[in-house]
Amino acid sequence: MIAPRVRISVYDLDRTITSLPTWTPFLLHAARAVAPWRLAALPVVGLAALTHADRDRRKERMHRLILGPALGEATATRLAEDFATRLTRDHIRPGARAQIAADRAEGRRIVIATAAHAFYARAIADRLGVADLVATRAKRDAAGDITPMLDGPNCYGAAKRAMLERWLADADIARQDAHIRFQSDHVSDAPSFAWADEPIAVNPHARLRALARARGWRIVDWGA
């Protein structure tokens, strides 16, 4: 007898589930809460965002400028919880809430896969009732504090697909035994779209819309 396929729905976070990106808003939220004087570094942060072609180094530079060389666990948790409460109250796409509910009703396993840092994305996922999170990780220092350095790859582009493949293996699910629905707004997720059984472009920007049309992927609008 052939075992039933495991049904999995993978969601990007920024501008897919949410109506806005999360990294810069989180940095601003954190600076206002614990070190308002760091807001003076915003022009430098903007320059770093524009001039660093390497996304990993760009994220590390922005982190250091706004959050400093070390962020304590208790402070990070408090900042993440406050930020997630505001974000999920005001900036979740209506269609994302509806689709998550529908996937849950179908018995699908829901995964959020995001370039956002896990130390705050976890709080967002918890508020959405999503247990499985694949996200960018920050290195910890000897005291356990969060540093600006990445612990592994930024969960973006081809790295996101590789991290999803690793997550699947760690969950002891063979790829051929899974039906994977993948939903994102951005063309950078083309590797994960190609890996999925059911790719869905959500509120896509122009390049993803063109790619989705060329490849016959479904396009949906989840609202503002």
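**Exercise 1. Helix 1 against helix 4**

Is the crossing of helix 1 and helix 4 left-handed or right-handed? Determine also the angle of the crossing and the residues that form the contact.

*Solution.* The structure is a predicted model, in which local features need pLDDT of at least 70, side-chain atom pairs count only at pLDDT 80 or more, and totals for chains, interfaces and linings use all residues. Residues are numbered from 1 along each chain as its sequence is written, and side-chain values use heavy atoms, with hydrogens and water left out.

Step 1. Helices (H or I, at least four residues) and strands (E, at least two) are DSSP runs, numbered from the N terminus. Helix 1 covers residues 23-34 and helix 4 covers residues 73-90; their axes come within 10 Å and cross at roughly 120°. Such axes are lines fitted to C-alpha atoms, for helices over the stretch in contact, and angles run from 0 to 180 degrees between N-to-C directions.

Step 2. This angle makes helix 1 oblique to helix 4. Angles under 35 degrees count as roughly parallel, over 145 as roughly antiparallel, 65 to 115 as roughly perpendicular and the rest as oblique.

Step 3. The crossing of helix 1 and helix 4 is right-handed: the near helix is turned clockwise from the far one by less than a right angle, whereas anticlockwise would be left-handed.

Step 4. From helix 1, P25, F26, H29, A30, A33 and V34 meet T75, R78, L79, A80, D82, F83 and R86 of helix 4. By class, this contact of helix 1 with helix 4 has 8 nonpolar, 2 polar and 3 charged residues. Ala, Val, Leu, Ile, Met, Phe, Trp, Tyr, Cys and Pro count as nonpolar, Asp, Glu, Lys and Arg as charged, and the others, Gly among them, as polar. Contact means heavy atoms within 4.5 Å.

**Exercise 2. Helix 1 against helix 3**

Describe the packing of helix 1 with helix 3.

*Solution.* Step 1. The axes of helix 1 and helix 3 (residues 55-67) come within 10 Å and cross at roughly 15°. Helix 1 and helix 3 are therefore roughly parallel to each other.

Step 2. Their crossing is right-handed. On the helix 1 side, W23, T24, F26, L27, A30 and A31 make the contact, and on the helix 3 side K59, M62, H63, I66 and L67. The residues of this contact of helix 1 with helix 3 comprise 8 nonpolar, 2 polar and 1 charged.

**Exercise 3. Helix 4 against helix 6**

At what angle do helix 4 and helix 6 pack?

*Solution.* Step 1. Helix 4 and helix 6 (residues 118-127) pack at about 45°, and their axes are 8 Å apart. This makes helix 4 oblique to helix 6.

Step 2. The crossing of helix 4 and helix 6 is right-handed. A80, E81, F83, A84, T85, L87 and T88 of helix 4 meet F119, Y120, A123, I124 and R127 of helix 6. The contact of helix 4 with helix 6 divides into 8 nonpolar, 2 polar and 2 charged residues.

**Exercise 4. The sheet and strand 7**

In what order do the 6 strands of the open sheet lie? Place strand 7 within the sheet.

*Solution.* Step 1. The order is 3-2-1-6-7-8, with parallel pairing. Strand 3 (132-136) and strand 8 (218-220) are the edge strands, each pairing on one side only. Two strands pair if DSSP finds at least two bridges between them.

Step 2. Strand 6 (residues 178-184) is joined to strand 7 by 4 bridges, and F182 has P199 in strand 7 as its bridge partner. Strand 7 (residues 198-202) is joined to strand 8 by 3 bridges, and V202 is partnered by V220 in strand 8.

Step 3. In strand 7, 5 of its 5 residues are buried. E198, I200 and V202 point one way from strand 7, and P199 and A201 the other way. Buried means under 20% relative accessible area, exposed over 50%, and partly exposed in between (1.4 Å probe, protein chains only).

**Exercise 5. Two residues with positive phi**

Compare the settings of R15 and D172.

*Solution.* Step 1. Most residues other than glycine have a negative phi. R15 has a positive phi of about 65°, and D172 has a positive phi of about 60°.

Step 2. R15 lies in the loop between strand 1 (6-11) and helix 1 and, at 40% relative accessibility, counts as partly exposed. D172 lies in the loop between helix 7 and strand 6 and is exposed, with a relative accessible area of 70%.
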